[in-house]
Every structure is written in structure tokens, then in C-alpha cells.
Amino acid sequence: MTESLDPKAPCDLCSLPVGVKPCFLATPEKTLGFCCEGCKDLPDVA
Ligand SMILES: [Zn+2]
């Protein structure tokens, strides 16, 4: 599986552009994209 994300796509936590090295978090519904490891480290709110 290959995931790619537009560098201008918004971070799923803070809405900043994810940039060229986004962090991904796979959830059952979708793959989220984050701008950094800090944003990726979400509490599980599901
Ligand atoms: Zn972020």
C-alpha cells in the first residue's frame, strides 16, 4: 500500500499544511495525515 498526501493538505489536528514529510496514522475509517509526530500523537477519541 502506498500512501501519499499533498504537501498543502491540512494537518488533521492543527490544520497546518502537512509539508513534504507528513506523518500518517491509519485508523479503521481512514488514514489521517499530520504535520509532525506531536500532532500524530493524538488521544484516541474514537
Ligand atoms: Zn499538526
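## Burial and contacts

In this predicted model, 15% of the 46 residues of the chain count as buried. Where contacts in the chain join residues at least 6 apart in sequence, 17% of them link residues that are at least 24 apart.

## Secondary structure

The chain holds 1 helix and 2 strands, and these elements follow one another along the sequence in the pattern β-β-α. Read in that direction, the two strands therefore come before the helix, as the pattern β-β-α states under the numbering of elements from the N terminus.

## The strand pair

Strand E1 covers residues 23-26 and strand E2 covers residues 31-34; the two run antiparallel and are joined by 4 bridges. Between E1 and E2 lie 4 residues, and together the two strands form a hairpin.

Individual pairings can be followed across this hairpin, beginning on the E1 side. Phenylalanine 24 has glycine 33 in E2 as its bridge partner, while leucine 25 stands opposite leucine 32, which likewise belongs to E2. Both pairings can be placed within the antiparallel arrangement of E1, residues 23-26, and E2, residues 31-34.

Methods. Residues numbered from 1 in each chain as written. Predicted model: local features only at pLDDT ≥ 70, side-chain atom pairs only at ≥ 80, totals over all residues. Buried ≥ 20, exposed ≤ 12 C-beta atoms within 10 Å, placed from the backbone. Contact = placed C-beta atoms within 7 Å. Pairing = 2+ DSSP bridges.
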